[in-house]
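Subject: Handing over the two-chain model

Hi there,

Here is the structure I promised to pass on. Please have a look at it first, and then read my notes below.

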2 protein chains.
Amino acid sequence: MFKAVINVNYKPSVLDPQAEAIHKALGRLGDDNIATVMVGKYFELTLNAPTIEAANDQVERICDQLLANVNMETYRFTVTPLQGATA
Amino acid sequence: MFKAVINVNYKPSVLDPQAEAIHKALGRLGDDNIATVMVGKYFELTLNAPTIEAANDQVERICDQLLANVNMETYRFTVTPLQGATA
């Protein structure tokens, strides 16, 4: 049993109005010392796989197929064995 | 200059239809070995603060005020000094 933690965010060249809105809202709340704001999605999967290599390959395919729009977004992930579980 | 990495996700008691939809879509794609799916939001802020304690306090307040709905969501964050920057 493995746990995959996946972060998906816009490529730096893609305009992100949500991050811009948060940055402005922070300014209105008095937090004018914020230099940059980045917003992304975050996924946690637990999966049964024979080896960590197999889990890595599967998670990469899932990101490409389903979780990220690779035209506009980039992703990164880590896969770790789940404590106290048998594969 | 500090970097804050913030994760916001639903409390376990809150139904998450988006995670449920992803879980079902994975099944249709043939990934039937996925045990659980969790979806959350993820933020990165860079901020100027005199000390890491001040940055921690400010980020906690920002999460409570703006980034998380504390009725339905929980958050966790880490604050680290930004490499190569002067505070």
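A term to begin with: two strands are taken to pair if DSSP finds at least two bridges between them. Helices (H or I, at least four residues) and strands (E, at least two) are themselves DSSP runs, numbered from the N terminus. On that basis, β1(A) and strand β3 (residues 73–81) of chain A run antiparallel and are joined by 9 bridges.

Before going on, a word on conventions. This is a predicted model, in which local features need pLDDT of at least 70, side-chain atom pairs count only at pLDDT 80 or more, and totals for chains, interfaces and linings use all residues. Residues are numbered from 1 along each chain as its sequence is written, chains are lettered from A and ligands numbered from 1 in the order in which they are written, and side-chain values use heavy atoms, with hydrogens and water left out.

Back to the strands. Strand β1 (residues 2–10) of chain A also pairs with β2(A), in the antiparallel sense and over 8 bridges. A:Asn9 shows both pairings: it stands opposite A:Thr74 in β3(A) and opposite A:Gly40 in β2(A). The pairing then crosses to the other chain, as strand β2 (residues 34–47) of chain A is joined to β2(B) by 13 bridges, again antiparallel. There, A:Gly40 stands opposite B:Tyr42.

How are the two chains related? A turn of 180° with a shift of 0.0 Å along the axis lays chain B on chain A with an RMSD of 0.0 Å (least squares on the C-alpha atoms of residues with pLDDT of at least 70 in both). The copies are thus related as by a two-fold rotation axis. In chain B, the C-alpha of B:Lys41 is the nearest to that axis, at 2.4 Å.

Now the interface. With contact meaning heavy atoms within 4.5 Å, chain B and chain A each bring 31 residues to it. The copies meet through the same surface, because 100% of the interface residues of chain B are also interface residues in chain A. Together they bury about 2,700 Å², 55% of it on carbon and sulfur atoms; this is the accessible area (1.4 Å probe) that two parts lose on being put together, summed over both. B:Asn33, B:Met38 and B:Tyr42 supply 22% of what chain B buries against chain A, more than any other three residues.

Between the chains there are 18 residue pairs in polar contact (both at pLDDT 80 or more). A polar contact is a pair of N or O atoms within 3.5 Å; within protein, one must be able to donate a hydrogen and the other to accept it, and residues adjacent in sequence count only if both atoms are side-chain atoms. On the chain B side of the interface, β2(B) gives the most, with 14 residues.

A:Asn33 is worth a look. This residue is found in the loop between α1 (17–28) and β2 of chain A. Its side chain reaches the backbone oxygen of B:Asn48 at 2.6 Å and makes a polar contact with the side chain of B:Gln58 (2.7 Å).

Finally, the salt bridges (a side-chain nitrogen of Lys or Arg within 4 Å of a carboxyl oxygen of Asp or Glu). The structure holds 8 over all chains, and 4 are between chain B and chain A. One salt bridge joins B:Arg61 and A:Asp31, at 2.6 Å from N to O. That pair runs from helix α2 of chain B to the loop between α1 and β2 of chain A.

Best wishes
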